Amino acid sequence: MKLRDGTLADVPEISAFLVELTALGKRTRPDDEAFVRSNYIENAAKVSCTVAEDDAGHVLGFQVLTVAAAGNEWGTDPGWGIIGTHVRPNAARTGVGHALFTATRAAARKAGLQKIEATIGAKSAEALGYYEAMGFRTYRQYDDRICKCFDVAGAPRD
């Protein structure tokens with residue numbers, strides 16, 4: 001597995017596997033190419049968008065980290081990081097998420113972020129388990145979602 005920065009060339013493949021996630025009921029956000037481009041690859045608030053690919057160059061997953069602005073849709077404190085993790089269904093539980101978070105954590109430190117928030121659907125046991133395993137802890141809950149926080153400043157260095 002190779003990690004690298006996401007590029008515009010990745011947009012069609014990322015969109016295609018997000019459509020797979022939507023069909024499986026694991027995603028409720030848009031999955032079209034315009035959304036991928038504007039929210040992940042070309043997002044002005046982006047700190048990083050790391051892509052994991054296999055030996056043949058196929059995208060296995062990606063993780064995006066942005067900086068929260070005042071009034072953001074998630075209610076995340078301004079200046080905190082907002083993370084999103086997406087792994088192709090056939091690559092789940094193979095270490096992709098762990099590898100992606102290692103790179104994202106380093107990018108967060110480099111950017112001077114103190115905290116990272118993940119907002120997860122309350123019924124998404126896999127995603128909740130993943131973020132818990134990465135060191136995120138629940139700090140607020142709503143009926144349909146759970147917000148977990150990772151303390152970048154307090155986490156041990158790799």
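This is a dialogue between a trainee and a mentor about reading a predicted model.

Trainee: Let's start with the helices. How are two packed helices described, and what are the values for helix 1 and helix 2?

Mentor: Two packed helices are described by the angle between their axes and the distance between the axes. Here, helix 1 (residues 11–23) and helix 2 (residues 33–41) pack at about 110°, and their axes are 9 Å apart. That makes helix 1 roughly perpendicular to helix 2.

Trainee: Which residues make the contact?

Mentor: Helix 1 contributes Val11, Pro12, Ile14, Ser15 and Leu18, while helix 2 contributes Glu33, Val36, Arg37, Tyr40 and Ile41. Sorted by class, the contact has 7 nonpolar, 1 polar and 2 charged residues.

Trainee: What about the loop between helix 1 and helix 2: is Pro30 buried, partly exposed or exposed?

Mentor: Pro30 is found in that loop, and its relative accessible area of 36% makes it partly exposed. Pro30 and Val19 are 11 residues apart in sequence, and their C-alpha atoms are 8.6 Å apart in space.

Trainee: Now the sheet. In what order do the strands stand?

Mentor: The 7 strands form an open sheet in the order 1-2-3-4-5-7-6, with mixed pairing. Strand 1 (2–5) and strand 6 (137–141) stand at the edges with a single partner strand each, so one side of each has no neighbour in the sheet. From one strand to the next, the twist averages 25°.

Trainee: Which helices pack on the sheet, and which strands do they touch?

Mentor: Helix 2 packs on the sheet and touches strand 2, strand 3 and strand 4 (81–87). The direction of helix 2 makes about 120° with that of strand 2. Helix 3 (residues 96–111) packs on the sheet too, touching strand 1, strand 2, strand 3, strand 4, strand 5 (115–121) and strand 7 (145–151). The direction of helix 3 makes about 155° with that of strand 2.

Trainee: Could we follow strand 2 through its pairings? How many bridges join strand 2 to strand 3, and how many join strand 1 to strand 2?

Mentor: Strand 2 (residues 46–53) and strand 3 (residues 59–67) run antiparallel and are joined by 7 bridges. Strand 1 and strand 2 also run antiparallel, with 4 bridges. Glu53 is a handy residue to follow: its bridge partner in strand 3 is Val59, and Glu53 is itself the bridge partner of Lys2. Elsewhere, Ser48 stands opposite Leu65 in strand 3.

Trainee: What links strand 2 and strand 3, and how covered is strand 2?

Mentor: The two strands form a hairpin with 5 residues between them, and Gly57 in the turn has a positive phi of about 90°. Strand 2 is mostly covered, with 6 of its 8 residues buried.

Trainee: How does the hairpin of strand 6 and strand 7 look?

Mentor: That hairpin has 3 residues between its strands. Strand 6 and strand 7 pair in the antiparallel sense over 4 bridges, and Cys147 in strand 7 is the bridge partner of Arg140.

Trainee: Arg140 carries a charge class in your scheme. Is Arg140 buried or exposed?

Mentor: Arg140 lies in strand 6. Its relative accessibility is 18%, and the cut-off for buried is under 20%, so Arg140 counts as buried.

Trainee: Which polar contacts does the side chain of Arg140 make?

Mentor: Let's take them in turn. The side chains of Arg140 and Glu117 make a polar contact of 2.9 Å, and those of Arg140 and Tyr142 make one of 2.6 Å. A polar atom of the Arg140 side chain also lies 3.3 Å from the backbone oxygen of Gly75.

Trainee: And where does Glu117 lie?

Mentor: Glu117 lies in strand 5 and counts as buried at 1% relative accessibility. Setting aside residues up to four places away in sequence, Glu117 touches several residues, including Trp74, Trp80, Phe136 and Tyr139.

Trainee: Which residue shares a polar contact of 2.5 Å with the side chain of Glu117?

Mentor: That is Thr76, through its side chain. Thr76 is found in the loop between strand 3 and strand 4 and is buried, with a relative accessible area of 3%. Beyond four places in sequence, Thr76 touches Ala68, Ala69, Gly81, Ile82, Glu117 and Arg140. By contrast, the C-alpha atoms of Thr76 and Tyr131 are separated by 16 Å.

Methods
Residues are numbered from 1 along each chain as its sequence is written. This is a predicted model: local features need pLDDT of at least 70, side-chain atom pairs count only at pLDDT 80 or more; totals for chains, interfaces and linings use all residues. Side-chain values use heavy atoms; hydrogens and water are left out. Axes are lines fitted to C-alpha atoms, for helices over the stretch in contact, and angles run from 0 to 180 degrees between N-to-C directions. Angles under 35 degrees count as roughly parallel, over 145 as roughly antiparallel, 65 to 115 as roughly perpendicular and the rest as oblique. Contact means heavy atoms within 4.5 Å. Ala, Val, Leu, Ile, Met, Phe, Trp, Tyr, Cys and Pro count as nonpolar, Asp, Glu, Lys and Arg as charged, and the others, Gly among them, as polar. Two strands pair if DSSP finds at least two bridges between them. Buried means under 20% relative accessible area, exposed over 50%, partly exposed in between (1.4 Å probe, protein chains only). A polar contact is a pair of N or O atoms within 3.5 Å; within protein, one must be able to donate a hydrogen and the other to accept it, and residues adjacent in sequence count only if both atoms are side-chain atoms.
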